[in-house]
Amino acid sequence: MILREATRHDLLSIAKVQVHSNRSTYVGIMPEDYLDNLSYESKANEWDEKLFKGTVTQFMYVVEAGDGNIVAFASASLIKTNDLFEREVNSIYILKEFQRKGIGRLLIKSIITKFIEINVKSMIIWTLEDNPSHIFYKHLGGNIVDKRIIDRGGKSLQQIAYAWEDITCIFGHSNR
Ligand SMILES: CC(C)(COP(=O)(O)OP(=O)(O)OC[C@H]1O[C@@H](n2cnc3c(N)ncnc32)[C@H](O)[C@@H]1OP(=O)(O)O)[C@@H](O)C(=O)NCCC(=O)NCCS
């Protein structure tokens with residue numbers, strides 16, 4: 001496994017991981033039509049906008065498996081998106097067959113390391129209440145701090161926000 005920063009060459013691979021992970025994670029939660037209509041091209045374009053073109057608002061780490069294929073990614077904000085917390089983890093998606101092997105922890109650890117380097121102390125993550133993966137954030141010591149309703153394909157879904165006041169406590173970082 002290799003963890004590295006995403007490049008523009010990765011855009012299609014990132015989009016494929018997102019579409020496949022979304023479909024396996026949100027089946028029965030988001031409308032079937034919405035999941036069927038997710039497209040590699042539009043996801044790749046969205047990531048190009050956020051990561052490389054114009055005003056860059058996020059950074060991303062990807063994980064390559066032994067065969068060089070990207071199997072996971074996570075992105076986080078370079079700007080403040082919330083009044084109370086300094087930065088946000090905007091996405092984290094791992095292909096189903098690579099979940100529960102420690103890759104999620106590794107990705108969050110890398111993001112936190114970068115945040116600490118730039119003197120960021122607090123962080124927030126939004127997730128769907130119906131997604132069992134939110135236990136992952138609880139496992140990392142996050143506290144539920146907010147709720148909101150979002151729309152996906154005409155269906156209203158409850159999101160919850162996990163947050164950390166002091167990210168240095170998550171993995172015992174001490175350079176701050
Ligand atoms: C959620 C996700 C990022 C976690 O990454 P991961 O690599 O699977 O998790 P890790 O192996 O690092 O797990 C660390 C711990 O978190 C907890 N955990 C992780 N996923 C969990 C789940 N689905 N249900 C319950 N606990 C979970 C476990 O305690 C786990 O430790 P254990 O495996 O030793 O019991 C990943 O499973 C994923 O991409 N899921 C699908 C997409 C998704 O839901 N993304 C988040 C959108 S907000």
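This is a short guided tour of the structure, one selection at a time. Keep in mind that you are looking at a predicted model.

**Stop 1: strand 5**

Start by selecting residues 123-128, which form strand 5. Is this strand enclosed or open to the outside? Count the buried residues: 6 of the 6 are buried, so strand 5 is largely enclosed by the rest of the structure. Now show the side chains and look at one face, where you will find Met123, Ile125 and Thr127. Turn to the other face to see Ile124, Trp126 and Leu128. Both faces are covered, and each of these residues is buried.

**Stop 2: the partners of strand 5**

Next, add residues 87-94, which make up strand 4. Strand 4 and strand 5 pair in the parallel sense, over 3 bridges. To find your place in this pairing, pick Val89 and look across to Ile125 in strand 5, which stands opposite.

How does the chain link these two strands? Select helix 4, residues 103-117. Together, strand 4, helix 4 and strand 5 make a right-handed β-α-β unit.

Then bring in strand 7, residues 155-164. Strand 7 runs antiparallel to strand 5, and 6 bridges join the two. Here the landmark is Ile124, which stands opposite Ala163 in strand 7.

**Stop 3: the nonpolar core**

A general idea helps here: in soluble globular proteins, nonpolar side chains tend to be buried together. The largest nonpolar core in this model has 53 residues. Which of them touch the most other members? Select Leu107, Ile108, Met123 and Trp164 to see them. Several elements each supply at least two residues of this core, including helix 1 (11-26), helix 3 (40-51), strand 2 (58-64) and strand 3 (70-77). The largest share, 7 residues, comes from helix 4. Apart from this core lies another one, of 5 residues, and among them are Phe85, Trp126, Ala161 and Ala163.

Zoom in on Trp164 before you move on. Leaving aside its neighbours within four places in sequence, the contacts of Trp164 include Phe85, Met123, Ile125, Tyr137 and Ile170.

**Stop 4: the ligand**

Now select the ligand, which is surrounded by 22 residues. The closest are Ile92, Arg100, Gly102, Gly104 and Asn131. Which atoms should you look at around its oxygens? At Gly104, a polar backbone atom is 2.7 Å from an oxygen atom of the ligand. At Arg105, a backbone N or O atom lies 3.0 Å from a ligand oxygen. At His139, look at the side chain instead: an N or O atom there is 3.1 Å from an oxygen atom of the ligand.

**Stop 5: Tyr40 and His134**

Go to Tyr40, in helix 3. Tyr40 is partly exposed, with a relative accessible area of 30%. Its side chain makes a polar contact with the side chain of His20, at 2.8 Å. Beyond its neighbours within four places in sequence, Tyr40 is also in contact with residues including Leu12, Ala15 and Val19.

Finish at His134, in helix 5 (residues 134-139). Is His134 buried or exposed? With a relative accessibility of 17%, His134 counts as buried. A polar atom of the His134 side chain lies 3.4 Å from the backbone oxygen of Glu129. Other residues in contact with His134 include Thr127, Leu128, Ile160 and Tyr162.

Conventions. Residues numbered from 1 in each chain as written. Predicted model: local features only at pLDDT ≥ 70, side-chain atom pairs only at ≥ 80, totals over all residues. Heavy atoms only, no water. Buried < 20%, exposed > 50% of the residue type's maximum accessible area, 1.4 Å probe, protein only. Helix = DSSP H or I, 4+ residues; strand = E, 2+ residues; numbered from the N terminus. Pairing = 2+ DSSP bridges. Right-handed = clockwise from strand over helix to strand, strands pointing away. Core = buried A, V, L, I, M, F, W, Y, C linked by side-chain atoms within 4.5 Å. Contact = heavy atoms within 4.5 Å. Near = heavy atom within 4 Å. Polar contact = N/O pair within 3.5 Å; in protein donor to acceptor, adjacent residues only side chain to side chain.
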